[in-house]
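Okay, thanks for having me, everyone. Let me put the structure up, and then I'll talk you through some of its side-chain pairs and one helix contact.

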Amino acid sequence: MSEQQAPVLASVRNRVGHLTLNRPSALNTLDLPMVTLLCRHLWVWEQDPEIVAVTLRGTGEKAFCAGGDIRMLYDSHKAGDDLHEVFLEEEYALDEYLHRYSKPVLALLDGYVLGGGMGLAQAASLRVITERTRMGMPEVGIGFFPDVGGSYFLPRLPGELGIYLGVTGCQIGAADALYANLADYCLPSEQLAELDAALDQLNWTGAPDEDLQDLLASMATERIGGSELKAYRQVIDEYFSLPDVPAIRTALQREQRPELRSWAEQTAKLLDSRSPLAMAVTLELLSRGRYLSLADCFALELHLDYQWFDKGDLMEGVRALIIDKDKAPRWNPPTLAELTPPRVRSFFSGFRPSNLPKNNT
């Protein structure tokens, strides 16, 4: 394999370590070799005093990273091996490491930023998007739940925006990403090369975080108009603070205000296309994650992972949407009305946050 064919490209210029996800034909989806390479480079550069910052990006114009290799997870479980569990363990470890990285990490998020791509992006200290950015945690659409730290960063978004994004699995554009605090700056895609050139010429001080902030503030914007999340923020906060998904769906169906009716109908229709079990577990996961530490959020996501391939809807979702492509998943149960609260709670049974005494439940 030539250097340009490697799944992760790495270079150092002007004291900056540059990491590029390099599977453009697969929208830079993550697999285990990529996770391993990312970890290896990040660790080496963290120890090197000559490296003051790191950038993360994806090859091509379509995606920074469209998620994890879902087909690999499916095939692994079908084959009866443990590659799917090893991948998730290593991916989460990488994301947690990035959250705690001692040097600034600048993520350049052009194109799709979904699932596993969001895990990398939201762990970065500076997140730059473009007009082509499409962000989301779409897991409920394939019968899964928001992982890769989603249980930590989603419920910490303003109001109930994170609950809305996680339970519906919808994707958002640049204006919404900035409004929801899922990005810090927006830079026109044609100026990414200019940003690279500026990084190559930057005179670093003893405060690289401030150096990067100053550079971005001179080139990019922190707010742009046209946010739908802002337009519907009041009703999102009202409905997605309700205690369960059936209550949310009922409230949406009852909405009669002319300026909100179309949005409410579309949102209810979106919920009806998702896995009832995945939505309900997502709501419980995010409700718990709001009060958990970063480490406990990743631990809880793994706790669910170890059960989900056998007891959740992921395998059926991948079959219907990726394998057979009939787009007719047979969710279990098929409707919210048939889903019982004990089944949802059973996935969380036995999990104990690290900050709780052992005699607590």
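What follows is a quick walk through salt bridges, aromatic pairs and a pair of packed helices.

One thing before we start: this is a predicted model, so please keep that in mind throughout.

Let's begin with charge. Side chains of opposite charge can pair when their charged atoms come close. How many salt bridges does a search of the whole structure find? The count is 18. I'll pick out a few of them.

Take glutamate 50 and arginine 15, whose closest N and O atoms sit 3.9 Å apart. The cut-off for a salt bridge is 4 Å, so this pair makes the list. Now look at where the two partners come from. Glutamate 50 is in the loop between helix H1 (32-47) and strand S3 (53-58), while arginine 15 is in the loop between strand S1 (8-13) and strand S2 (16-21), so the salt bridge ties together parts of the chain 35 residues apart in sequence. As for exposure, arginine 15 has a relative accessible area of 31%, which makes it partly exposed.

Next, a pair inside one helix. Aspartate 75 bridges to arginine 71, with 3.1 Å between the closest N and O atoms. Both belong to helix H2 (residues 70-79), and they are 4 residues apart, about one turn of the helix. Aspartate 75 is partly exposed at 35% relative accessible area, and arginine 71 is partly exposed too, at 40%.

My third example is aspartate 184 with arginine 127, where the closest N and O atoms are 3.0 Å apart. This one links distant parts of the chain: aspartate 184 is in the loop between helix H7 (174-179) and strand S10 (185-186), arginine 127 is in strand S7 (residues 126-129), and 57 residues separate them. Are these two buried or partly exposed? Aspartate 184 is partly exposed, with 22% relative accessible area, whereas arginine 127 is buried, at 11%. And there's a network as well: Arg13, Arg57, Asp196 and Asp200 are joined by salt bridges that share partners.

Okay, on to the rings. There are 8 aromatic pairs in the count. One of them is tyrosine 97 with tyrosine 101, which is edge-to-face: the centres are 5.4 Å apart and the planes make an angle of 80 degrees. Tyrosine 101 is buried, with 9% relative accessibility.

Another pair is tyrosine 164 with tryptophan 263. Their ring centres are 6.1 Å apart and their planes are at 35 degrees, so we call this one tilted. It also spans a long stretch of sequence: tyrosine 164 is in helix H6 (residues 161-168), tryptophan 263 is in helix H13 (residues 258-273), and they are 99 residues apart. Both of these residues are buried. If you're hunting for a cluster, find Phe144, Phe145, Trp308 and Phe347, which form one together.

Last stop, helix packing. Helix H2 is the one we met with aspartate 75 and arginine 71. How do the axes of H2 and helix H3 (residues 83-99) cross? They come within 7 Å and cross at roughly 140 degrees, which makes H2 oblique to H3. On the H2 side the contact has Met72, Leu73, Ser76 and His77, and these meet Leu83, His84, Phe87 and Leu88 from H3. By class, that contact has 5 nonpolar and 3 polar residues, with no charged ones.

That's my tour, thanks for listening.

Notes. Residues are numbered from 1 along each chain as its sequence is written. This is a predicted model: local features need pLDDT of at least 70, side-chain atom pairs count only at pLDDT 80 or more; totals for chains, interfaces and linings use all residues. Side-chain values use heavy atoms; hydrogens and water are left out. A salt bridge is a side-chain nitrogen of Lys or Arg within 4 Å of a carboxyl oxygen of Asp or Glu. Helices (H or I, at least four residues) and strands (E, at least two) are DSSP runs, numbered from the N terminus. Buried means under 20% relative accessible area, exposed over 50%, partly exposed in between (1.4 Å probe, protein chains only). Rings of Phe, Tyr and Trp (its six-membered ring) pair if their centres lie within 6.5 Å; planes under 30 degrees apart count as stacked, over 60 as edge-to-face and the rest as tilted. Axes are lines fitted to C-alpha atoms, for helices over the stretch in contact, and angles run from 0 to 180 degrees between N-to-C directions. Angles under 35 degrees count as roughly parallel, over 145 as roughly antiparallel, 65 to 115 as roughly perpendicular and the rest as oblique. Contact means heavy atoms within 4.5 Å. Ala, Val, Leu, Ile, Met, Phe, Trp, Tyr, Cys and Pro count as nonpolar, Asp, Glu, Lys and Arg as charged, and the others, Gly among them, as polar.
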